[in-house]
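Hi,

Here is the structure I said I would pass on. Have a look at it first, and then read my notes underneath.

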Amino acid sequence: GVLTTGVNWLVYFPLYNWTGLSGTVSTIIAWAVAVAFAYLTNKQWVFGSKDWSMKTILPESFKFVGSRVFSGVLTIGLTKILDMLGIQFVIIKLSVSIINIVLNYIASKLLVFAKKKDA
């Protein structure tokens, strides 16, 4: 989660500060890059899912992306609301990132990479 957040921030801040893109657009792009990075790192190193067969990857990746879409929509919504309240964007980004780390870890542990119990 922390490395994924780092990737998100490393993509977000240059986009927001140097390209003139809005905070919301910068957030969407940074989120997409971070999701791709997160799937690979979470699968391999965080949850030790070593099965790279299509019968595992397809449902696993759909659940992963689906859970990230949920958290991504939440991120965008919270970002817009907090921005409308006049909160500094760096505070918004920090707050939303912490919420995302927690939600994404829980979703990955309980839904995406949950260990199957033997029958």
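Below is what turned up when I went through the model.

One caveat before the details: this is a predicted model.

Let me start with the charges. The count comes to 1 salt bridge. Its partners are lysine 43 and glutamate 60, with the closest N and O atoms 2.6 Å apart. Lysine 43 sits in helix H2 (residues 23-46) and glutamate 60 in helix H3 (residues 54-84), so the pair ties together parts that are 17 residues apart in sequence. Are these two residues buried or exposed? Both lysine 43 and glutamate 60 are buried.

H2 is worth a look in its own right. Its 24 residues would reach 34 Å as a straight helix at 1.5 Å a residue, yet the end C-alpha atoms are only 30 Å apart. The buried residues of H2 include Gly23, Thr24, Ser26 and Thr27 at one end, and Thr41, Asn42 and Lys43 further along. What do the buried residues of H2 pack against? They pack against helix H1 (2-18), H3 and helix H4 (89-112). Just after H2 comes glycine 48, which takes a positive phi of about 60°.

Now the nonpolar interior. The largest nonpolar core has 8 residues: Val35, Ala38, Tyr39, Phe47, Ile57, Phe64, Val112 and Phe113. H2 and H3 are the elements that give two or more residues to this core, and H2 has the largest share with 3 residues. Apart from this core lies another one, of 5 residues, with Tyr12, Ala30, Ile92 and Val96 among them.

Phenylalanine 47, one of the residues of the largest core, has a mixed set of neighbours. If you leave aside those within four places in sequence, phenylalanine 47 is in contact with Asn42, Tyr105, Ser108, Lys109, Phe113 and Lys115.

Last, the outside. In soluble globular proteins, nonpolar side chains tend to be buried together. Here, though, Val46, Leu94, Ile98, Val102, Tyr105, Ile106 and Leu110 form a nonpolar patch on the surface, and together they have about 670 Å² of accessible area. Which element gives the largest share of the patch? That is H4, with 6 residues. Leucine 94 is found in H4 and is partly exposed, its relative accessible area being 43%. Tyr105 belongs to this patch and is also among the contacts of phenylalanine 47.

Cheers

Key:
Residues are numbered from 1 along each chain as its sequence is written. This is a predicted model: local features need pLDDT of at least 70, side-chain atom pairs count only at pLDDT 80 or more; totals for chains, interfaces and linings use all residues. Side-chain values use heavy atoms; hydrogens and water are left out. A salt bridge is a side-chain nitrogen of Lys or Arg within 4 Å of a carboxyl oxygen of Asp or Glu. Helices (H or I, at least four residues) and strands (E, at least two) are DSSP runs, numbered from the N terminus. Buried means under 20% relative accessible area, exposed over 50%, partly exposed in between (1.4 Å probe, protein chains only). The expected span of a helix is 1.5 Å times one less than its number of residues. Contact means heavy atoms within 4.5 Å. Patches are made of residues with over 30% relative accessible area and no salt bridge: like charges are joined within 9 Å, nonpolar side chains (Val, Leu, Ile, Met, Phe, Trp, Tyr) within 5 Å. Accessible areas come from the Shrake-Rupley method with a 1.4 Å probe; for residues, only the protein chains shown count as cover. A nonpolar core is a set of buried Ala, Val, Leu, Ile, Met, Phe, Trp, Tyr and Cys residues joined through side-chain atoms within 4.5 Å.
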